[in-house]
Amino acid sequence: MKVLRMLGRCIRDAFKSVFRNFSLSLASISCIAITLIIVAVSIVVSFNVDNFTEEIEKDLTIVVFVENDATEEEVENVRKEIESISEINKKEIVYKNKTQVKDEISNESDVFKTIMEDWNEEDNPLKDTFQVKVKDAEKIGKVAEKIKKIEKVSVVRYGEGIVEKMVSAFDTIRKITYIAVIALVLVTIFLIINTIKLTIFSRKREIGIMRLVGASNFTIKTPFIIEGMILGIIGSLVPIGLIIFGYPALYDKMDGYVFSKLIQMIPTTPFIYTSSAIVLVIGIIVGMIGSASAVRKYLKV
């Protein structure tokens, strides 16, 4: 009970201090808000880039052509051999016989339709195919090599050369966005901590008086740490508002994609709440760390 009363008193003193030193608090809040806006934008961009690259990688497909003289039993054996490869998504294997392939191509173009409409089963030169997706896009080349060795497999195509470059580019983009977000968070922490330190420095006399009257380090530090948390929460409100109201507005304006429907944006919910929670946590942690590190200078810990 004593600890709870002490904590309640510290919270009360922290709120009083925020309003009593309003101009200094406002400076800290403004710094937190501005820097967290940059972090919020970086987080939104980073998550969307990561989502886009993942969606593209999921759509990367290996097309397996089966030899024309393969029997139904041999085609089924090809399927089983493909399914036995651990890197493949077994549920996403799609089989199309040459008649289905002909119908699909015919529906795509009137020219092809005119050419193919008189083809019967014997005249059809197309091949039965399996469309295969891998669990890890980086292993698509190795998986294709394994499939080529299966008996009665004629040709394997997956955009070799181009796909490897694309996967490498996506990996680079991911790393750049992650590094950018981490760097911005670190810069934000540095700026906010130094701003709060200036605020605490202006109140070093107040800390000195508290020490002279025999206040413990815990009693002195706790209100400042809670004050830093409050400043972090208030400073987070602006970037959180931008995420909650700005991102859905941008999503609607862009119709959910950037430049092309190939680059889909992340749906607004629950994304805006997850991003807001991250920003809020960063604001709270940075505010508390800033206050704790600043006040520690004036205490013998």
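Among contacts in the protein chain between residues at least 6 apart in sequence, what percentage join residues at least 24 apart? With contact taken as heavy atoms within 4.5 Å, the figure is 82%.

Before selecting anything, note that this is a predicted model, in which local features need pLDDT of at least 70 and side-chain atom pairs count only at pLDDT 80 or more, whereas totals for chains, interfaces and linings use all residues. Residues are numbered from 1 along each chain as its sequence is written, and side-chain values use heavy atoms, with hydrogens and water left out.

**The whole chain**

Start with the protein chain in cartoon view, where the secondary structure comes to ten helices and six strands; these are DSSP runs numbered from the N terminus, with helices being H or I of at least four residues and strands E of at least two. Of its 301 residues, 38% are buried, a term that stands for under 20% relative accessible area, as against exposed at over 50% and partly exposed in between (1.4 Å probe, protein chains only).

**Strand β1 and its partners**

Next select β1, residues 61–66, and show its side chains: Ile62, Val64 and Val66 point to one face and are buried, while Thr61, Val63 and Phe65 point to the other face and are not buried. Adding β3 (residues 129–133) brings in an antiparallel pairing with β1 over five bridges, where strands count as paired if DSSP finds at least two bridges between them. Within that pairing, Val63 has Gln131 of β3 as its bridge partner. Then add β4 (residues 153–157), which runs antiparallel to β1 and is joined to it by four bridges; here Phe65 is partnered by Val155.

**Glu87**

Move on to Glu87, which sits in the loop between α3 (72–83) and β2 (94–96) and is buried, at a relative accessible area of 18%. Leaving aside residues up to four places away in sequence, Glu87 touches Val134, Lys135, Lys139, Val143 and Lys146.

**Helix α9**

Finally, select α9, residues 217–253, whose 37 residues should span 54 Å at 1.5 Å a residue, in agreement with the 53 Å between its end C-alpha atoms; the expected span is 1.5 Å times one less than the number of residues. Centre the view on Leu237, where α9 has a kink of about 35° shortly before the proline Pro239, the bend being the angle between axes fitted to the seven residues ending at a residue and the seven starting there. Just after α9, Asp255 takes a positive phi of about 60°.
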